[in-house]
Amino acid sequence: MFSAFRPSLPALLQFARTPSIGRTIVALLAGAIALLLTVNIATFVMIQRTAAFNDQVERSQQVRRAAHDLLLSLVDAETGQRGFLLSGRPEFLDPYIRAEVLAPEEMRELEHLTAGDTELGPHVATMLEAARERLVEQERTVTLARTGRVGQAVQMVRAGEGQSLMDAIRTEVAAIDEIENERLTSRTRQSERGSRLTLGANALGGLLVVILAAITVWLVRRYVGEIQAARESLDRMNAGLEGQVRDRTAQLTRARDRAEAMLREVNHRVGNSLQLVSSFMSLQLRDLADEGAREALREAQARIEAVAHVHRRLYTSDDMTSVAMDEYLEGLVAELGKSLAPGAGSPTLTLTAAPLNVSTDQAVSIGVIVTELVTNAVKYAYGPGQAGEIRVILAPDARRGRALLTVEDDGPGLGGGQPRGTGLGGKIISAMASGLRSAVEYDASHAGVRARLAFDL
């Protein structure tokens with residue numbers, strides 16, 4: 001019978017046709033091979049599913065980690081922003097500067113990880129849009145604070161837009177966590193069902209595949225252990241992140257309350273201080289006998305009032321990004337006329353202004369320049385009791401995308417020299433004009449004094 005095992009198909013078929021033992025051995029061998037193939041296939045499928053599950057778990061961790069990293073970066077940026085607004089110290093901006101670099105990279109990573117995911121896609125898109133808007137809002141407040149407009153920056157923070165955006169971001173992060181948790185639970189159940197099926201297939205293999213069954217069971221148990229360890233690690237990570245978020249939220253809440261209280265006190269003190277300074281100057285004027293000193297003090301008081309007027313006009317407006325110059329100059333010229341030329345025989349101030357919108361920075365500089373030029377014209381253009389006209393003109397230059405500001409009078413002019421006065425007003429005008437990337441020019445062909453300033457819109 002054993003001589004029939006020759007390396008040829010006819011001999012094998014002949015052996016299979018022999019009675020009793022031959023067919024039993026062939027059946028057993030075939031059954032063993034079939035069982036071995038079944039076990040191998042089941043084991044292979046289980047390994048593939050486990051590997052895929054591990055990849056999915058890793059991807060879920062990456063998605064959640066990217067979402068939380070972005071949230072933490074935005075929280076750090078908010079901490080730096082509010083610290084700078086509160087203290088005015090540049091070193092408080094370090095977390096904000098780091099977040100400006102990290103946040104775009106984290107947004108790109110999160111967008112890449114969730115590309116093509118129809119369930120996570122809407123949440124991620126909403127979160128990224130809110131994050132970009134939050135970064136833009138923070139950049140505006142920091143820019144305002146850097147340029148000395150802390151009050152305007154604080155008003156933007158108090159408006160609550162940034163807090164609303166952060167709440168929206170936290171909501172989307174929670175939604176992403178919930179979706180990934182549900183996926184992880186579902187995948188774990190599938191893995192456990194696959195494990196049980198594999199164990200059942202090993203049991204059916206019997207004695208002929210007992211070694212292979214033991215190896216398969218060992219592999220299955222190892223992978224199940226890895227899955228459980230991954231779940232425990234993820235749970236610990238979630239617990240740590242939630243604790244950090246709670247602690248950071250509590251810290252920010254306390255910092256915000258302290259900042260709001262201090263800012264209210266600062267605003268109150270600044271208002272009182274400006275009023276006290278003006279009042280002290282008025283009292284000092286009464287006791288001064290020297291006319292030169294009285295004149296210098298009046299000029300200083302006028303400048304303080306002019307700056308205060310600029311800020312009242314700008315910071316009480318609903319639109320904090322642009323100013324309607326025709327309306328603004330109308331109020332400014334009216335106040336200058338009341339304070340500088342109040343009675344009969346005084347020069348007349350007239351305004352011709354086209355409806356133009358400029359940024360708040362430009363409006364501040366233009367207001368100070370107009371105040372200085374008009375003050376100089378009132379003092380030197382006409383003699384005591386001599387009537388005359390001082391004209392303020394604002395017109396656009398459509399071909400160049402610029403605007404032209406002109407302040408002129410019909411007095412004796414400069415006589416080929418420099419503007420009269422102590423020189424402080426000229427320095428102020430030059431400083432304000434340089435902020436507009438321009439300079440004030442005087443038209444020598446005009447009979448009186450004609451000062452012109454061209455600036456970009």
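Threonine 188 counts as buried in this predicted model, because its relative accessibility is 5% and the limit for a buried residue is under 20%. The residue lies in helix 6, which covers residues 161-205. Its side chain reaches the backbone oxygen of leucine 184 at 2.7 Å. Leaving aside residues up to four places away in sequence, threonine 188 touches Phe53, Ile227 and Arg231.

Helix 4 offers a check on helix geometry. This helix takes in residues 121-146, 26 residues in number. At 1.5 Å a residue it should span 38 Å, and its end C-alpha atoms are 37 Å apart, so the expected and computed values agree. Just after helix 4, glycine 148 takes a positive phi of about 90°.

The description now turns to the sheet. Five strands form an open sheet of mixed pairing, in the order 2-4-5-7-6. Its edges are strand 2 (348-353) and strand 6 (440-442), each of which pairs on one side only. On average, and with direction ignored, neighbouring strands of this sheet are turned by 15° against each other. Within the sheet, strand 4 (residues 389-397) pairs with strand 5 (residues 402-409) in the antiparallel sense, over eight bridges. Valine 392 has valine 407 of strand 5 as its bridge partner. Helix 9 (residues 325-340) lies across strand 2 and strand 4, and runs at about 180° to strand 2.

Helices and strands also come together in the largest nonpolar core, which has 34 residues. Contributions of at least two residues each come from helix 9, helix 10 (360-380), strand 4, strand 5, helix 11 (424-435) and strand 7 (450-456). Helix 10 supplies the largest share of this core, eight residues. The members that touch the most other members are Met325, Val370, Leu405 and Phe455.

Valine 370 shows such contacts in detail. Not counting residues up to four places away in sequence, valine 370 touches Leu329, Leu332, Leu336, Val392 and Leu405. Of these partners, Val392 is the residue whose bridge partner is valine 407, and Leu405 is itself among the core members with the most contacts to other members. Apart from this core lies another, of 25 residues, which includes Val75, Leu113, Ala131 and Met166.

Technical notes: Residues are numbered from 1 along each chain as its sequence is written. This is a predicted model: local features need pLDDT of at least 70, side-chain atom pairs count only at pLDDT 80 or more; totals for chains, interfaces and linings use all residues. Side-chain values use heavy atoms; hydrogens and water are left out. Two strands pair if DSSP finds at least two bridges between them. Helices (H or I, at least four residues) and strands (E, at least two) are DSSP runs, numbered from the N terminus. Axes are lines fitted to C-alpha atoms, for helices over the stretch in contact, and angles run from 0 to 180 degrees between N-to-C directions. Contact means heavy atoms within 4.5 Å. A nonpolar core is a set of buried Ala, Val, Leu, Ile, Met, Phe, Trp, Tyr and Cys residues joined through side-chain atoms within 4.5 Å. Buried means under 20% relative accessible area, exposed over 50%, partly exposed in between (1.4 Å probe, protein chains only). The expected span of a helix is 1.5 Å times one less than its number of residues. A polar contact is a pair of N or O atoms within 3.5 Å; within protein, one must be able to donate a hydrogen and the other to accept it, and residues adjacent in sequence count only if both atoms are side-chain atoms.
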